[in-house]
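Happy to walk through this one with you. Below are some questions about why particular labels apply, each answered by setting a value against its cut-off.

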Amino acid sequence: MPDAILIRHCFRCKDPLPETRKDSYCKPCRNHKSKEWSAANPKKRSQMAKNWRDKNYDSRRHWERHYEETHRKEKYATHKRWRAGESGKTWIERNRAKDSATAGRWIKTHRPSVNARRKRHWAANRGRLREYARLKRERNPERIRLLDRQRYVRHREKRILLSIAVRAKRLQAEGNATPEQCRELLEQFKSCCGYCHTPLTYKNKTYDHKTPLSRGGTNYIENLIPSCRPCNARKHTRTYEEFVKLIQP
Ligand SMILES: [Zn+2]
Ligand SMILES: [Zn+2]
């Protein structure tokens, strides 16, 4: 029976192989073997994959770009899944600085749409976000206080104005000044106290109401004057004129 000798059998499952197959294993068994080998040699496997990627860099990039352009949503969803998964998490942990730098760059170049999206998100989830912030504050007050302090330093002008605005609102005073107006005002005074001319630093800078809010002054920029803390405290409820008279030597 010479024919029977020619029929080859799979090394693994011993099933007869089709004549055209060059491999010594049938298809499922070959797959199985490859998987086994990959599991036993993970380093070699990933090196091989890397070699392949490097060798086909250009065409791979081309197709990736093409795919990205035609499948933006899918690409984003895949990326999001990857970030949430094990390998994404490990990568982010190891490349935290790089990751946040990328995010920062993206935000910078997409500022208007980012702001619009944040606004929409805030408007749609106001109650939930407030509650979430409260919970976060309760869970880790130390960390939140630190962040608050850092934010305060970053947006000093804004914060000073905000606290002024809050007081103005409580006293039902009219008007509001913008950070830009205050910066201009500060420049006019060469960043010095409007009363004692001490150079204003980050720590002692305040804005004083020339006519105090408590005496019917407004919160418009015309009624504001840069002032050091000691002067502001000493002036108390006096008007600008009354205080200037008092401190004149
Ligand atoms: Zn087989
Ligand atoms: Zn002063």
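What follows is a set of questions and answers on a predicted model.

Q: What makes the protein more spread out than a compact globule?
A: Start with the make-up, which is 14 helices and two strands. The radius of gyration is 35 Å, while the globule rule gives 18 Å for 249 residues, so the protein is more spread out than a compact globule. The box filled by the C-alpha atoms along the principal axes is roughly 125 × 35 × 35 Å. Of the 249 residues, 12% count as buried.

Q: How is the protein divided into domains, and how far apart do the centres of domain 1 and domain 2 lie?
A: The assignment has domain 1 at 37–70, domain 2 at 111–152 and domain 3 at 156–247. Between the C-alpha centres of domain 1 and domain 2 there are 40 Å.

Q: Why is Arg81 called exposed?
A: A residue counts as exposed with 12 or fewer other C-beta atoms within 10 Å. Arg81 has 10 such neighbours, so it counts as exposed. This residue is found in helix H5, residues 72–84. Arg81 and Trp63 are 18 residues apart in sequence, and their C-alpha atoms are 21 Å apart in space.

Q: What makes helix H3 "hardly covered"?
A: The cut-off for a buried residue is 20 or more other C-beta atoms within 10 Å. Among the 14 residues of H3, the count that reach buried status is zero. As for its length, H3 (residues 42–55) reaches 20 Å from its first C-alpha to its last, close to the 20 Å expected at 1.5 Å a residue.

Q: How many residues of helix H12 are buried, and what comes just after this helix?
A: H12 covers residues 179–188, and the count of buried residues among its 10 residues is one, hence the label "hardly covered". Just after H12 comes Lys190, with a positive phi of about 50°.

Q: What makes the phi values of Gln172 and His236 worth pointing out?
A: Most residues other than glycine have a negative phi. Gln172 is not a glycine, yet its phi is positive at about 55°. His236 is likewise a residue other than glycine, with a positive phi near 55°. Gln172 is found in the loop between H11 and H12, and His236 in the loop between helix H13 (229–235) and helix H14 (240–247).

Q: Are Gln172 and His236 buried or exposed?
A: The exposed label needs 12 or fewer C-beta neighbours inside 10 Å. Gln172 has 8, so it counts as exposed. His236 has 9, so it counts as exposed too.

Q: Why is strand E1 described as largely enclosed?
A: E1 runs over residues 205–209, and four of its five residues are buried, so the strand is largely enclosed by the rest of the structure.

Q: How do you know that E1 and E2 pair?
A: Pairing needs at least two bridges between two strands. E1 and strand E2 (residues 224–228) have five bridges, in the antiparallel sense. One of the bridge partners is Cys228, for Lys205, and Ser227 is the partner of Thr206.

Q: What makes E2 largely enclosed, and which way do its residues point?
A: Five of the five residues of E2 are buried, so this strand is largely enclosed by the rest of the structure. Leu224, Pro226 and Cys228 point one way, while Ile225 and Ser227 point the other way.

Q: Which residues form the largest nonpolar core, and which elements give two or more of them?
A: Membership calls for buried residues of nonpolar kinds joined through C-beta atoms within 7 Å. The largest such core has 10 residues: Leu161, Ile164, Ala168, Ala173, Ala177, Cys182, Tyr207, Leu213, Leu224 and Ile225. Helix H11 (156–170) and E2 are the elements that give two or more residues to this core, and H11 gives the most, with three.

Q: Which residues is Leu213 in contact with, leaving aside neighbours within four places in sequence?
A: A contact means C-beta atoms within 7 Å. For Leu213, the partners are Arg167, Ala168, Leu171 and Ala173. There is also a second, separate core of six residues, among them Cys193, Tyr195, Leu200 and Cys228.

Technical notes. Residues are numbered from 1 along each chain as its sequence is written. Chains are lettered from A and ligands numbered from 1 in the order in which they are written. This is a predicted model: local features need pLDDT of at least 70, side-chain atom pairs count only at pLDDT 80 or more; totals for chains, interfaces and linings use all residues. Domain bounds come from an automatic or database domain assignment. Two residues are in contact if their C-beta atoms, placed from the backbone, lie within 7 Å. The expected span of a helix is 1.5 Å times one less than its number of residues. The radius of gyration is taken over C-alpha atoms; the globule rule is 2.2 Å times the number of residues to the power 0.38.
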